[in-house]
Amino acid sequence: MAANMAAPRPISWRISIVCAILGGLYALHLYNTMKNQDLKEAREKRKKLGTAAIGGTYELIDFDGKTRTDKDFLGQWILLYFGFTHCPDICPDEIEKLVKVVDKIDADKELPNLQPVFITVDPLRDTPKAMKQYCEEFSPKIIGLTGSKEKIDEACKNFRVYYSKGPEDEDGDYIVDHTIIAYLLNPKGEFVEYFGKNKTYDTLVYEIKEYMKKYAVFED
Ligand SMILES: [Cu+2]
């Protein structure tokens, strides 16, 4: 009798242990779900914020003195870079890398073409003619844009590009300190991603391909 009375005890202990484990697992599941939801929301918020904050309109002049605005590039993927033709080393290195990336993407027939655009931060010296000569040294694909200081400032502000003209030497030569970033814009003209100088050729090719593939699936 006494043994029978005591029998349920171990069971209830087992049940409470099982319940505690199940409860714990459920709490963990809830926590993970909430965490994932938070992460997803944060990612989407950041995406929206980033898209809204970087990029925008510009109205500049191409090699032929023709006005070009952001609207002219709708329908194309753009790799946009800001710099200046007198830049001693960084701009040439970066443009060389970007041109290589563009050629690689363009060679892939399953991907859309990528249009390189170069906007000067030195409108004083970078006339349409100077831009043409300079860009042609790298690739016939690059479209170089210049304009009045006011228009260049506007474009820089929209893309959060900083630049500052340094002091002139006795020959009137000077350096322009500037943000070294390449921007990827989708065919809707929206900012997709930015790439700093530290991004290698391989990373750029890989990331741009991924963005293009995703765009083809979700937005085309
Ligand atoms: Cu430069």
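A residue counts as buried under 20% relative accessible area, as exposed over 50%, and as partly exposed in between, with a 1.4 Å probe and protein chains only. The model is predicted, so local features need pLDDT of at least 70 and side-chain atom pairs count only at pLDDT 80 or more, whereas totals for chains, interfaces and linings use all residues. Residues are numbered from 1 along each chain as its sequence is written, and side-chain values use heavy atoms, with hydrogens and water left out.

**Exercise 1. The copper site**

Task: Determine which atoms coordinate the copper ion, and state whether C87, C91 and H178 are buried or exposed.

Solution.

Step 1. Donors are N, O and S atoms within 2.8 Å of the metal (3.2 Å for Na, K and Ca); water is not among the atoms, so sites may look incomplete. By this criterion the copper ion is coordinated by SG of C87, SG of C91 and NE2 of H178, at 2.1 to 2.2 Å.

Step 2. Along the chain, these donors follow the spacing C-x3-C-x86-H. Helices (H or I, at least four residues) and strands (E, at least two) are DSSP runs, numbered from the N terminus. C91 lies in helix α3 (residues 90-107) and H178 in strand β7 (residues 176-178), so this pair ties together parts that are 87 residues apart in sequence. C87 belongs to the loop between β3 and α3.

Step 3. Relative accessibility is 0% for C91, which is therefore buried. H178 is buried at 8%, and C87 is buried at 9%.

Step 4. Contact means heavy atoms within 4.5 Å. Beyond its neighbours within four places in sequence, C87 is in contact with P92 and H178. With residues up to four places away likewise not counted, C91 touches Y81, G83, F84, Y134 and H178.

Step 5. The unreviewed UniProt entry lists C87, C91 and H178 under "binding site". These residues are spread over 92 residues of sequence but cluster in space, with a largest C-alpha distance of 9.9 Å. UniProt positions are given in the numbering used here, feature names are shortened, and annotations may be inferred rather than shown by experiment.

**Exercise 2. The sheet**

Task: Establish the order of the strands in the open sheet, and explain why one side of β5 and of β9 is left without a neighbour.

Solution.

Step 1. Two strands pair if DSSP finds at least two bridges between them. The open sheet has 5 strands in the order β5-β4-β3-β8-β9, with mixed pairing.

Step 2. β5 (143-145) and β9 (191-196) stand at the edges with a single partner strand each, so one side of each has no neighbour in the sheet. From one strand to the next, the twist averages 25 degrees.

Step 3. β3 and β4 are joined in the parallel sense over 7 bridges, and W77 stands opposite L114 in β4. β3 (residues 77-83) and β8 (residues 181-185) run antiparallel and share 4 bridges. Across from L79 is L184 in β8, and across from Y81 is A182 in β8.

Step 4. β8 and β9 run antiparallel and are joined by 5 bridges, with L184 opposite E193 in β9. The two strands form a hairpin with 5 residues between them, and G189 in the turn has a positive phi of about 85 degrees.

**Exercise 3. Burial and packing**

Task: Describe how β8 and β4 are covered, and identify what T179 contacts.

Solution.

Step 1. In β8, 5 of the 5 residues are buried, so the strand is largely enclosed by the rest of the structure. I181, Y183 and L185 point one way, and A182 and L184 the other.

Step 2. In β4, 7 of its 7 residues are buried. L114, P116, F118 and T120 lie on one side, with Q115, V117 and I119 on the other.

Step 3. Helix α4 (residues 128-138) lies across β4 (114-120) and β5, running at about 135 degrees to β4. Axes are lines fitted to C-alpha atoms, for helices over the stretch in contact, and angles run from 0 to 180 degrees between N-to-C directions.

Step 4. T179 is located in the loop between β7 and β8 and is buried at 18% relative accessibility. Aside from neighbours within four places in sequence, T179 is in contact with F82, R160, V161 and Y162. Its side chain reaches the backbone nitrogen of Y162 at 2.7 Å.

How values were computed
A polar contact is a pair of N or O atoms within 3.5 Å; within protein, one must be able to donate a hydrogen and the other to accept it, and residues adjacent in sequence count only if both atoms are side-chain atoms.
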